[in-house]
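Hi,

Here is the structure I promised to pass on. Have a look at it first, and then read on for what I found in it.

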Amino acid sequence: MNMKKRLRIGLFTVGAMALSGCSSMMSHTGGGEQGYYPGTRNSYKMLADGNTSWGLKPLVALDMPFTVVADTLLVPWDAFRTDKSVKARVEESEKKNYAINAAIPPAI
């Protein structure tokens, strides 16, 4: 193989790896969604949503297999991660208060 062909193959491979699993990476780094396969769930929601533009759906469909692979590789991370953000703690506190107030209504 000549050098130009190797360079093209190398650039294509690096580009494909850099762009693959986008939904999984976004869900694991910035999304607040917990559980297993959050990127795959987000991709499916985007494909099923009628408000997603027609230009974005093919990109999501192309990315979906890579997202599934990335989510599969990150299953151990999903098993042990917990969300300790301020938002998560406030939501948890609100759930507990709602459960208490549902059982014993507050005195007014």
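In which loop is Tyr37 found? Tyr37 sits in the loop between α2 and α3, the latter being residues 38-48. Before I say more about that residue, keep in mind that this is a predicted model.

First, the overall picture. The protein has 6 helices and 0 strands, and along the sequence that reads α-α-α-α-α-α. Of its 108 residues, 19% are buried. If you take the contacts between residues at least 6 apart in sequence, 65% of them join residues at least 24 apart.

Back to Tyr37. Its phi is near 55°, which is a positive value in a residue other than glycine. Tyr37 has a relative accessible area of 30%, so it counts as partly exposed rather than buried (under 20%) or exposed (over 50%). Leaving out residues up to four places away in sequence, Tyr37 touches Val68, Asp71, Thr72, Val75 and Asp78. One of these, Val75, is 38 residues from Tyr37 in sequence, yet the two C-alpha atoms are 7.4 Å apart.

Now to helix α4, which covers residues 57-73. With 17 residues, α4 reaches 24 Å from its first C-alpha to its last, close to the 24 Å expected at 1.5 Å a residue. There is a bend, though: α4 turns by about 40° at Met64, and a proline, Pro65, follows within four residues. Met64 is itself buried, and so are Val60, Asp63, Thr67, Ala70 and Asp71 of α4. An α-helix has 3.6 residues a turn, so residues three or four places apart point the same way. Have that in mind when you look at the buried positions.

At the end of α4 there is a contrast with those positions. Leu73 belongs to α4, and at 66% relative accessibility it counts as exposed, because the cut-off is over 50%. The C-alpha atoms of Leu73 and Tyr37 are 9.9 Å apart, with their positions 36 residues apart in sequence.

How do α2 and α4 cross? The axes of α2 (residues 22-29) and α4 come within 7 Å and cross at roughly 45°, and the two helices are therefore oblique to each other. From α2, the contact takes in Cys22, Ser23, Ser24, Met25 and His28, and from α4 it takes in Asp63, Thr67, Ala70 and Asp71. Sorted by class, that contact of α2 with α4 has 3 nonpolar, 4 polar and 2 charged residues.

His28 deserves a look of its own. This residue of helix α2 has 12% relative accessibility and so counts as buried, the cut-off being under 20%. Setting aside neighbours within four places in sequence, His28 is in contact with Pro38, Asp71, Leu74, Trp77, Asp78 and Arg81. Trp77 is 49 residues away from His28 along the chain, and their C-alpha atoms are separated by 9.2 Å. Asp71 and Asp78 also appear among the residues that Tyr37 touches.

That leaves α3. Its buried residues are Pro38, Gly39, Thr40 and Ser43. What covers them includes α2, α4 and α5, the last of these being residues 75-80. Pro38, one of the buried residues of α3, is also one of the contacts of His28.

Happy to go through any of this with you.

Best wishes

Conventions:
Residues are numbered from 1 along each chain as its sequence is written. This is a predicted model: local features need pLDDT of at least 70, side-chain atom pairs count only at pLDDT 80 or more; totals for chains, interfaces and linings use all residues. Side-chain values use heavy atoms; hydrogens and water are left out. The expected span of a helix is 1.5 Å times one less than its number of residues. The bend at a residue is the angle between axes fitted to the seven residues ending there and the seven starting there. Buried means under 20% relative accessible area, exposed over 50%, partly exposed in between (1.4 Å probe, protein chains only). Axes are lines fitted to C-alpha atoms, for helices over the stretch in contact, and angles run from 0 to 180 degrees between N-to-C directions. Angles under 35 degrees count as roughly parallel, over 145 as roughly antiparallel, 65 to 115 as roughly perpendicular and the rest as oblique. Contact means heavy atoms within 4.5 Å. Ala, Val, Leu, Ile, Met, Phe, Trp, Tyr, Cys and Pro count as nonpolar, Asp, Glu, Lys and Arg as charged, and the others, Gly among them, as polar.
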